Amino acid sequence: MTDNKKFLEPEVSTSSRADIESLQAQRLADTIKHIYEANTFYRERIDGAGLDPYRIKDLKSIQSLPFTTKEELRKNYPFGLFCSPHEDIVRVHSSSGTTGNPTVVGYTREDLKIWAGVLARVMYDCGVRKDDVVQVSHGFGMFTGGFGFQYAAEKIGALVIPISGGNTERQLKVMSDFGTTVLCCTPSYALYMSEVAKKVGLDFKRLKLKVGFFGAEPWTEAMRREIEDRLSICALDSYGLSEVIGPGVSCECIHKKGLHINEDHFLVEVIDPDTGEVLAPGQKGELVFTSLTKRAMPVIRYRTKDISYLIEEQCSCGKTLARMAKPMGRTDDMLIIRGVNIFPSQIEEVLMDISDLEPHYLIVLDRRDYMDVLEVWVEVSENIFQEKIMVLEDFESSIEERLYSAIGIRIKVSLKEPQTIARSQGKAQRVLDRRKKD
Ligand code: DLL
């Protein structure tokens with residue numbers, strides 16, 4: 001691996017649409033044949049769809065297969081959808097679901113290499129090299145964040161610090177003493193780090209940090225500005241999910257104009273979440289992925305519940321791989337209040353643009369008189385907290401107006417003292433649902 005290339009694998013990253021699609025079609029055919037021969041669940045599905053698994057010629061044939069849902073993965077817990085013999089599987093991870101059985105994913109040795117490869121590719125293409133010091137502050141364990149970035153950065157040859165999440169003061173000391181140049185964690189944890197840094201008197205401008213790969217949860221452009229400003233870093237969005245492989249499915253380049261999808265390994269579709277209809281580029285809908293090279297646990301038309309759209313125009317970085325817009329949230333996080341659909345990210349975008357508010361908020365859902373009510377708790381900064389009650393009440397009303405004009409419904413805002421809303425060291429919990437199940 002030479003270190004002066006622009007892209008790690010330019011032959012893939014800059015290939016023509018025709019070439020990438022022909023590679024995808026060939027890999028799709030291999031995947032369908034593999035799962036047909038290896039797993040009864042898939043054999044029945046393929047037979048049920050009337051598809052000949054030995055005659056998959058083009059990408060369109062995928063559309064005759066049904067979608068796969070998280071519920072189906074759960075039903076086949078833990079190893080029911082594995083398509084490689086037990087002795088070939090060397091690792092399992094699982095999703096961070098909080099209800100029911102988690103979804104378990106398996107990897108062969110080759111799958112692990114692919115995973116490290118796709119994530120190394122996007123990191124390298126953003127400038128990560130052998131002489132970098134990569135601090136992995138994602139959790140290590142069943143969550144894919146920690147190990148994913150660990151192996152990818154090692155593949156590049158960088159020095160990796162597998163510090164995991166938590167113990168923030170130690171994170172900062174390590175960052176400063178070891179000369180960390182690349183940070184990998186959730187965006188909410190990055191913000192929390194900036195807060196602790198302020199408390200201990202650490203100035204990020206004096207550190208060597210240059211780029212951060214932030215992901216595992218939705219975050220807005222306003223949050224990016226906040227992180228870049230506070231950490232003095234180029235903040236990039238990295239996306240993935242354990243069912244598909246983990247982090248490394250897609251990632252922004254330094255132009256920050258959408259996340260390049262590693263299309264040679266993952267086939268993407270965007271569908272209307274209600275009808276299942278496949279949507280055209282530019283149309284917003286649910287992301288659906290089919291893995292093209294994984295062996296232990298391939299996924300076919302996996303419904304992610306993540307909302308985004310595809311971007312067709314070529315990126316100025318020179319990569320030709322398709323891009324997806326920054327995911328705006330999950331269909332199951334969408335709130336429907338008085339008939340209006342709201343994503344927490346829309347509220348975040350408004351709040352983060354208002355000075356004198358801290359980037360810590362909680363959306364509280366309640367039910368009063370059989371009606372759902374939404375309230376937003378948000379912290380004010382120290383300087384305004386000292387103000388008189390009347391000033392704070394006026395401030396609340398002005399935020400309510402801003403939310404109303406951006407979202408179209410009245411949302412009550414409740415200002416909170418600094419440091420009172422729970423901080424996250426992993427995925428942030430943005431919604432507190434207090435409605436009684438009735
Ligand atoms: O969160 C994998 C990951 C780790 C991605 C580290 C990036 C960095 P899961 O725990 O299976 O895997 O959760 C997957 O998290 O369906 C999205 O809803 C959400 N998610 C992941 N990345 C992003 C992102 C990892 N960049 C679920 N923006 C996904 C918005 C994201 N949501």
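Valine 92 lies in strand β1 (residues 89-94); helices (H or I, at least four residues) and strands (E, at least two) are DSSP runs numbered from the N terminus. The model is predicted, so local features need pLDDT of at least 70 and side-chain atom pairs count only at pLDDT 80 or more, while totals for chains, interfaces and linings use all residues. Residues are numbered from 1 along each chain as its sequence is written, and side-chain values use heavy atoms, with hydrogens and water left out.

Valine 92 is partly exposed, at a relative accessible area of 32%. Buried means under 20% relative accessible area, exposed over 50%, and partly exposed in between (1.4 Å probe, protein chains only). Together with Phe79 and Met142, Val92 forms a nonpolar surface patch of about 250 Å² accessible area. Such patches are made of residues with over 30% relative accessible area and no salt bridge, nonpolar side chains (Val, Leu, Ile, Met, Phe, Trp, Tyr) being joined within 5 Å. A salt bridge is a side-chain nitrogen of Lys or Arg within 4 Å of a carboxyl oxygen of Asp or Glu.

Two helices can be set side by side. The expected span of a helix is 1.5 Å times one less than its number of residues.

| Helix | Residues | Length | Expected span | End-to-end C-alpha distance |
|---|---|---|---|---|
| α8 | 187-200 | 14 residues | 20 Å | 20 Å |
| α12 | 389-407 | 19 residues | 27 Å | 27 Å |

In α8, 11 of the 14 residues are buried, so the helix is largely enclosed by the rest of the structure. Among these buried residues are Pro187, Tyr189, Leu191, Met193 and Glu195. Their cover includes α7 (168-177), β5 (182-185), β6 (211-215), α9 (221-231) and β18 (357-368), where contact means heavy atoms within 4.5 Å. Glycine 201, just after α8, has a positive phi of about 75 degrees.

Helix α12 buries Leu392, Phe395, Glu396, Ile399, Leu403 and Ile407. Viewed down the axis, these residues fall within an arc of 105 degrees, so they line one face of α12; the arc is that of the directions from the helix axis to the C-beta atoms. The face turned away from the buried side carries the exposed residues Met390, Asp394 and Ser405. Cover for the buried residues of α12 includes β17 (340-342), α10 (344-351), β18, β19 (371-380), α11 (382-385) and β20 (412-416). Glycine 408 follows α12 with a positive phi near 95 degrees.

Glutamate 21 belongs to helix α2 (residues 17-38) and is partly exposed, with a relative accessible area of 36%. The C-alpha atoms of glutamate 21 and serine 188 are 36 Å apart, with these positions 167 residues apart along the chain.

Methods. Patches are made of residues with over 30% relative accessible area and no salt bridge: like charges are joined within 9 Å, nonpolar side chains (Val, Leu, Ile, Met, Phe, Trp, Tyr) within 5 Å. Accessible areas come from the Shrake-Rupley method with a 1.4 Å probe; for residues, only the protein chains shown count as cover.
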